[in-house]
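Reader: I should be grateful for a close look at a single part of this model, followed outward to whatever surrounds it. Please explain each term as it arises.

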Amino acid sequence: MPPPPTALKKKTGTKNPPIFSQEYLIQNHGDIACGILMIVALGTVVHATSPYCMAFFGPRHNVTTLDSLNSSPAPLFNYGYKDLAMLFSYTLICITAHAIWQEYVLDKLYKKLHLSKSKNAKFFESGQLILFYVISVLWGVMLFNEEAYFKSGLEYLWRDYPYTGMTTWTKLYFIVQLSYWLHNFPELYLQKVRKEDIPARIVYTSLYLITILYAYLTRFWRISLVLLTIHYTIEICYHASRLAHFYATTKTGPTPARSISTYLFKIWNVIFVIGRLASVVLAWLTFWFGLKTTSINKITFTTAPVTNSNDNNGTINESVIISNFNTPTVRLFTLVATGVLQFWLVWNFIQFHMRRRREQRSARPTTMTSPKVSNKLKQKQQGLTNGKSDNEETVDQSVFATSGHSNKKSN
């Protein structure tokens with residue numbers, strides 16, 4: 001017998017929401033972002049729109065200087081207004097990658113774990129962040145190796161400031177960083193994040209976005225890249241331990257997952273302390289000692305001539321504006337802001353462990369009182385077998401009442 005038509009309407013309505021509805025946008029936001037990217041990519045093939053569409057993908061503001069000694073130097077790039085086009089396209093790429101990782105990895109793991117709503121939100125948050133942190137750390141290590149950050153010591157962090165330009169991969173690194181934290185704001189709506197979780201996510205997303213944008217505009221690229229790599233390494237340990245903890249909660253009894261979670265938390269505790277100390281020391285050496293040797297009195301914007309190549313006209317002569325923020329005020333503000341951020345992270349670290357210890361202490365009395373209650377029950381049962389009076393039976397009832405009251409409190 002076929003189902004009634006009302007049931008069919010209700011079932012098809014849940015599967016295929018209207019095109020211009022909010023539910024359709026939420027369910028298909030990854031496909032929509034990917035479609036926009038494909039349209040822009042097709043524009044790069046057409047000759048008329050190619051110069052405009054290429055600005056959405058490749059770095060712009062080339063400041064590479066050609067000379068007779070080095071005919072093919074490494075390309076260098078400055079920042080400018082054309083970076084807004086790259087921010088738009090790479091934000092869409094982050095939205096698309098977020099949706100793919102969510103659908104094909106995290107959702108399948110969530111169905112196997114059967115977590116609660118609160119743990120589910122934290123699981124998805126850690127699952128998304130740990131992927132980005134791992135990619136960023138590997139990217140940072142690659143830049144350390146290619147640009148020889150520490151081969152000449154820590155002096156490389158402040159040498160030749162203000163830098164004429166950054167390499168291709170360095171500029172892409174900062175564009176991707178800004179794009180990822182920008183895409184977190186629409187994801188609060190697209191992923192249906194709980195209202196109680198939204199304020200915390202807005203706070204740390206805004207802090208990431210402001211600090212990275214500040215480092216990008218003030219040309220403190222090298223020290224910020226090192227500090228971000230250290231911070232992301234710490235965050236990888238934290239989110240890996242949290243994911244292992246969520247997996248261990250679904251298992252009963254002592255399991256390898258529980259021991260792995262405990263081991264990862266201990267590693268995170270050690271790396272956190274070492275990483276915060278290293279961040280403060282590196283920032284202090286860079287802004288208090290290193291950049292002080294080339295300090296200026298006020299912020300300057302100088303014009304430097306640049307000779308680079310053009311595919312149609314050979315070489316062209318241009319001029320770029322190089323900003324210099326190496327003033328005592330800017331250095332002091334940056335150093336203080338870095339110290340305040342590190343202190344805030346340490347404070348959250350302390351609060352986390354204090355809250356965890358309180359939870360452990362609150363769980364101890366329940367395990368301590370249960371043997372006492374069982375001993376009392378055994379004594380009363382022995383009294384009943386020895387033929388005690390009815391008054392003692394009333395005492396038994398009071399014992400059961402008090403034990404039930406204490407169990408309610410512990411629950």
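Author: A residue is called buried when its relative accessible area is under 20%, exposed when that area is over 50%, and partly exposed in between, using a 1.4 Å probe and protein chains only. The structure is a predicted model, in which local features need pLDDT of at least 70 and side-chain atom pairs count only at pLDDT 80 or more, while totals for chains, interfaces and linings use all residues. Residues are numbered from 1 along each chain as its sequence is written, and side-chain values use heavy atoms, with hydrogens and water left out.

The part chosen here is helix α7, and its setting comes first. Helices (H or I, at least four residues) and strands (E, at least two) are DSSP runs, numbered from the N terminus. The protein has twelve helices and two strands, in the order α-α-α-α-α-α-α-α-α-α-β-β-α-α along the sequence. Of its 411 residues, 37% are buried.

The loop between α6 (117-146) and α7 contains Pro-162. A cis peptide bond, with omega of about 0°, joins Tyr-161 to Pro-162. Asp-160 is found in this loop between α6 and α7 as well, and it has a positive phi of about 65° although it is not a glycine. With 58% relative accessibility, Asp-160 counts as exposed.

Helix α7 itself covers residues 168-190. The expected span of a helix is 1.5 Å times one less than its number of residues. For the 23 residues of α7 this gives 33 Å, and the C-alpha atoms at its ends are 32 Å apart, which agrees. The helix is nevertheless kinked by about 30° at Asn-184, shortly before the proline Pro-186; such a bend is the angle between axes fitted to the seven residues ending at a position and the seven starting there. Helix α7 is mostly covered, since 17 of its 23 residues are buried.

Aromatic side chains form the next topic. Rings of Phe, Tyr and Trp (its six-membered ring) pair if their centres lie within 6.5 Å; planes under 30 degrees apart count as stacked, over 60 as edge-to-face and the rest as tilted. By this rule the count comes to 37 aromatic pairs. The rings of Phe-123 and Phe-124 make a tilted pair, 5.8 Å from centre to centre with 55° between the planes, and both Phe-123 and Phe-124 are buried. Another pair, Phe-220 and Phe-287, is edge-to-face, because the centres are 5.1 Å apart and the planes stand at 85°. This pair links distant parts of the chain, 67 residues apart: Phe-220 lies in the loop between α8 (198-217) and α9 (221-249), and Phe-287 lies in helix α10. Phe-220 and Phe-287 are both buried. One aromatic cluster brings together Phe-132, Tyr-133, Tyr-180, Trp-181, Tyr-204, Tyr-208 and Tyr-232.

Just after α7, Lys-192 takes a positive phi of about 55°. Its side chain introduces the salt bridge, a side-chain nitrogen of Lys or Arg within 4 Å of a carboxyl oxygen of Asp or Glu. The whole structure holds six salt bridges. In one of them Lys-192 pairs with Glu-23, the closest N and O atoms being 3.4 Å apart. Lys-192 belongs to the loop between α7 and α8 and Glu-23 to helix α2 (residues 22-27), so the pair ties together parts that are 169 residues apart in sequence. Glu-23 counts as partly exposed, at 32% relative accessibility.

Further along the sequence, Glu-196 forms a salt bridge with Arg-194, the closest N and O atoms being 3.2 Å apart. Glu-196 is exposed, with a relative accessible area of 53%, whereas Arg-194 counts as partly exposed at 28%. Another salt bridge joins Glu-125 to Arg-201, with the closest N and O atoms 3.9 Å apart. That pair spans 76 residues, from Glu-125 in helix α6 to Arg-201 in helix α8, and Glu-125 and Arg-201 are both buried. Salt bridges that share partners join Glu-125, Arg-201 and Arg-242 into one network.

For contrast with these sites, Leu-332 is found in helix α11. Leu-332 is partly exposed, with a relative accessible area of 45%.
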